[in-house]
Amino acid sequence: MSTSEQQREPAGAGPVPEPSAPGAKPPAGGPAPADPPGASPTSPVGRLAATVERLRREVRAAQAEAEGRALIELAKGILVERLGCGPAQASRQLAELAGQARVTPLEFAVEVINQAARDRVSEVTDAFLAAAEGAAERDSAVRLRAAESGALAADDTQAVADSLLEHALRPLGAVAVAVWAAGADGSLALSGSAGFSPAEATRWRYVPPDVATVARRGLTERTGQWFTSLAATGLPTIGRHLHPDGGRVAVPAGTGGRIHGVLEIAWPGPLEPQPPQVVRQVEALAELCAHTLETSAPGRDAGREPRVLPDTAELMDLADGLHDPALVLVPHVDGDGQLVDFRIQHVNSRFLDPAGRPRAVVNGALLLEAFPMAAGKSELFQRVERVYATGEVYRAHRMHLTALVDQVPLSAVADISISRHGGSVLLIWRIEDETARLASLLQHAQRLGRIGGFEENLLTGEITWNDQLFGLYGRAPSCTPVPLEELPAHAHPDDAVAIGRFLRTLLHHRHPASAAFRLQRPDGVTRHIRVVAEPVLDTDGRLFVVRGAYQDISAQHWTEVALAATRDQLAHTEQQATERNRLTLQLQHAIMPPTQAPLRVSGLEVAVRYRPAETEQLVGGDWYDAVVLPSGLVLLCVGDVAGHGIEAATSMVVLRNALRGLAVTGAGPGQLLSWLNIVAHHLTGAVTATAVCALYDPRRRTLRWARAGHLPPVLVRGAEAAPLPLVRGMLLGAVAEAAYEEAELRFAPQDTLLMYTDGLIERRDRSVEESLSHLLTTVRSAPGPLDQQLDRLLTYSRSDTDDDTCIVGIRVA
């Protein structure tokens with residue numbers, strides 16, 4: 001049986017059963033375990049179980065005795081040093097003092113060690129003893145020292161995790177522990193674990209940087225994280241599926257201000273708020289882990305090669321090679337090993353102190369002594385402390401240096417960079433003069449905006465121009481500036497009135513003024529300029545200075561001219577397009593009026609409907625025809641020319657009239673479409689179109705029809721409606737020659753045939769089959785006169801393509 005599976009007990013005390021809740025104190029002793037269910041104490045199985053339990057107790061007692069012996073020997077050594085006696089006398093003295101105190105030698109040995117060490121474990125055990133005197137508190141002190149002894153004797157972090165769980169954490173109700181090592185890049189590597197399966201430990205051997213986990217929260221929060229239940233956090237972590245409602249604790253493991261990793265502890269159930277003594281005990285255990293992580297070599301659990309970090313001397317050489325001011329900081333700890341400040345180990349030659357002090361004054365000083373305000377609002381010291389603890393790089397843009405030293409001008413700012421290298425910290429700052437920066441920005445703005453400033457003293461005649469204004473005037477910087485009174489001589493003569501009004505307002509009325517004029521430069525170039533100026537009065541109200549600026553607005557002027565010309569041209573184009581569409585619509589409506597009286601032939605009623613597109617700009621090429629031929633046959637057809645506009649409309653007229661002329665020959669519908677295909681391909685600019693052509697024989701009540709890529713007609717017979725079977729035939733104009741198949745339909749009395757274009761059913765959000773199915777449903781529910789039936793189809797059409805629609809309805813009497 002492994003050590004992690006047993007509950008050890010200190011020498012001289014009874015067995016300590018595992019508590020039922022986190023933080024519960026185990027009793028000094030406990031009843032012997034019962035026999036297995038159904039096993040009699042005298043049966044072979046019962047005797048075997050009793051033997052196994054006896055041996056288990058003996059093994060645990062032996063282990064506890066061996067671990068306690070190390071603490072007793074350490075206490076003896078302390079007495080030898082304090083009392084100046086030999087080992088034997090120290091042993092007798094320890095036994096006598098333990099008897100007088102009525103405690104076991106092991107418990108008294110732990111008290112001796114605590115008094116001599118005065119370390120973190122001593123503080124924790126003193127807190128336990130101060131809370132209540134009793135066997136349970138003494139057991140806690142023994143467990144902590146036993147855990148410390150086991151951790152110091154361990155040769156790796158895995159053994160440390162086993163010792164912590166067995167001696168210190170199981171009595172608190174914990175079931176598992178994980179020790180994480182923090183990488184310089186913010187990653188976490190599982191350095192040791194106990195209570196988790198090997199497969200789970202392998203799966204969590206490495207956590208990349210910036211991945212949110214329970215251990216990551218413990219690394220970022222310096223005070224540690226105590227979670228009542230994992231379910232409330234939603235954070236992933238090792239063994240979460242084993243105890244999803246269990247409590248978790250993640251405490252940073254650090255020494256001397258530097259965090260080396262995280263100690264994570266798992267409980268099987270919800271974790272209630274713990275007393276301060278337990279919190280301090282866990283922090284002491286995390287410090288034990290930190291010592292092990294600090295002294296152990298960088299692990300390779302994450303499958304990554306350990307990084308070789310430069311020492312302080314190498315970092316100083318690196319700082320001297322930088323082009324920016326830099327400081328090398330080393331931690332400064334107190335007598336208890338606590339980080340209290342950072343010493344400025346080195347400043348490079350490019351370092352400029354914000355307060356103007358020599359480098360020799362800053363070099364070697366403590367950070368808070370040299371820059372006392374670094375711990376204030378800027379939190380610079382806290383940033384350095386965090387970078388040293390976690391290794392995470394920190395950068396800040398434009399930090400005001402008044403937050404560091406109060407002698408710095410308000411305009412001084414710097415970009416800050418802080419990084420850890422080995423056991424040192426590199427602090428870089430680049431000081432920037434805010435006033436110079438704003439002046440530079442103003443110069444760039446004036447250059448980009450082509451703005452030149454001036455100031456003219458009317459009393460002394462002194463005139464000041466900036467470089468941009470000399471460039472606007474086309475004059476060299478060595479030339480004499482032009483006074484305001486001479487401005488009309490440098491402007492276009494047509495702008496004399498505007499300039500005169502500007503000068504009167506500014507110089508006579510003493511009000512701010514502006515004007516736009518054309519500046520004629522010495523090089524013959526004319527620029528469009530806007531001048532803005534304001535008067536400056538003295539205490540007596542007399543005008544003595546004029547300040548202002550000139551701006552070159554030539555690009556804006558010519559842009560406005562171009563926009564005006566473009567606007568006029570666009571308006572003319574829109575007017576032409578509107579007139580063209582109006583003429584096209586008139587042509588289309590003249591050929592195919594939206595309504596037409598029914599055509600009645602012997603035994604046949606023909607009605608047509610045409611609905612133009614809702615948008616006038618989408619003049620389409622839909623067409624229909626119903627005419628009685630000289631042979632007595634009735635020509636019925638619908639078609640749709642591809643495209644919109646006047647080209648589609650004129651192509652429609654050509655095809656419609658060509659089909660009428662070809663139909664006089666007496667040819668069948670298939671032959672008529674073959675000839676019409678030749679017309680579409682050769683005679684109309686290679687347009688494409690779809691069509692249905694039919695010839696009705698009133699004497700035989702038969703209909704011969706053919707199609708060219710068009711939707712098939714729909715036959716309504718009684719309460720049923722269905723499309724006619726498809727016959728072969730490609731769209732018109734696609735190829736030079738094409739053959740079209742014919743079909744014949746014999747009508748029954750009261751049959752209705754519908755021929756239509758796709759504008760009746762086409763939708764963008766559904767297929768043609770779905771739209772055709774809706775049309776058939778509408779036709780079945782729309783009996784009545786033929787005109788009303790066609791009107792109903794147009795009314796309830798679900799088409800959303802804004803296309804023209806043609807319907808030809810045929811009803812046999």
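## Close-up views of a predicted model

**Figure 1. The surroundings of Asp625.** Setting aside residues up to four places away in sequence, Asp625 touches Leu635, Leu636, Cys637, Arg656 and Arg660. Keep in mind while you look that this is a predicted model. With Arg660 there is also a polar contact, side chain to side chain, at 2.6 Å. Asp625 itself belongs to strand E19, which covers residues 621-628. Is Asp625 buried or exposed? Its relative accessible area is 2%, so Asp625 is buried. Look for Cys806 as well: Asp625 and Cys806 are 181 residues apart in sequence, yet their C-alpha atoms are 9.9 Å apart in space.

**Figure 2. The protein chain as a whole, for orientation.** Before the next close-up, here is some background on the chain. How many helices and strands does the secondary structure come to? The protein chain has 22 helices and 27 strands. It has 813 residues, and 45% of them count as buried. Now take the contacts between residues at least 6 apart in sequence: 59% of these join residues at least 24 apart.

**Figure 3. A cluster of aromatic rings.** Here you can find Phe454, Trp465, Phe470, Tyr473 and Tyr550, which ring pairs link into a cluster. In total, the count of aromatic pairs comes to seven. One of them is formed by Trp465 and Tyr473, with 4.8 Å from centre to centre and 35° between the planes, and this pair is tilted. Trp465 and Tyr473 are both buried.

**Figure 4. Leu469 in helix H16.** This view is centred on Leu469, a residue of helix H16. Is Leu469 buried or exposed? Leu469 counts as buried because its relative accessibility is 0%. Leaving out residues up to four places away in sequence, Leu469 touches Gly452, Gly453, Phe454 and Tyr550. Two of these names may be familiar: Phe454 and Tyr550 also belong to the ring cluster. From Leu469 you can also look across to Pro481, twelve residues apart in sequence and 9.2 Å apart in space, C-alpha to C-alpha.

**Figure 5. His490 in a loop between two helices.** Which two helices does the loop with His490 lie between? His490 is found between helix H16 (467-473) and helix H17 (496-508). With a relative accessibility of 19%, and with buried meaning under 20%, His490 counts as buried. Apart from its neighbours within four places in sequence, His490 is in contact with Tyr473, Arg475, Val482, Arg518, Leu519 and Gln520. Tyr473 is the residue that pairs with Trp465.

**Figure 6. Helices H21 and H22 packed together.** Two packed helices are described by the angle between their axes and the distance between the axes. In this view, helix H21 (residues 768-780) and helix H22 (residues 786-795) pack at an angle of about 140°, with 10 Å between their axes. Their crossing is right-handed. Which residues make the contact? From H21 come Leu775, Thr778 and Val779, and from H22 come Gln789, Arg792 and Leu793. Sorted by character, the residues of this contact are three nonpolar, two polar and one charged.

**Figure 7. Helix H14 and the glycine that follows.** Helix H14 runs over residues 380-390, and its buried residues include Leu380, Phe381, Val384 and Val387. Tyr388, Ala389 and Thr390 of H14 are buried too. Just after the helix comes Gly391, with a positive phi of about 85°.

**Figure 8. Positive phi at Arg701 and Gln750.** Here are two residues to compare. Arg701 is not a glycine, but its phi is positive, near 55°. The loop that holds Arg701 lies between strand E21 (689-697) and strand E22 (702-708). Arg701 is partly exposed, at 31% relative accessible area. Gln750, also not a glycine, has a positive phi of about 70°. Where does Gln750 lie? Gln750 is in the loop between strand E25 (742-746) and strand E26 (752-756). With a relative accessible area of 52%, Gln750 is exposed.

**Figure 9. Ser602 and the distant Ala813.** Our last stop is Ser602, in the loop between strand E17 (599-601) and strand E18 (604-611). Is Ser602 buried or exposed? Its relative accessible area is 53%, so Ser602 is exposed. Along the sequence, Ser602 and Ala813 are 211 residues apart, while in space their C-alpha atoms are 8.7 Å apart.

Notes
Residues numbered from 1 in each chain as written. Predicted model: local features only at pLDDT ≥ 70, side-chain atom pairs only at ≥ 80, totals over all residues. Heavy atoms only, no water. Phe/Tyr/Trp six-rings, centres within 6.5 Å; stacked < 30°, edge-to-face > 60°. Buried < 20%, exposed > 50% of the residue type's maximum accessible area, 1.4 Å probe, protein only. Axes fitted to C-alpha atoms, helices over the stretch in contact; angles between N-to-C directions. Helix = DSSP H or I, 4+ residues; strand = E, 2+ residues; numbered from the N terminus. Left-handed = near helix turned anticlockwise from the far one by under 90°. Contact = heavy atoms within 4.5 Å. Nonpolar A, V, L, I, M, F, W, Y, C, P; charged D, E, K, R; others polar. Polar contact = N/O pair within 3.5 Å; in protein donor to acceptor, adjacent residues only side chain to side chain.
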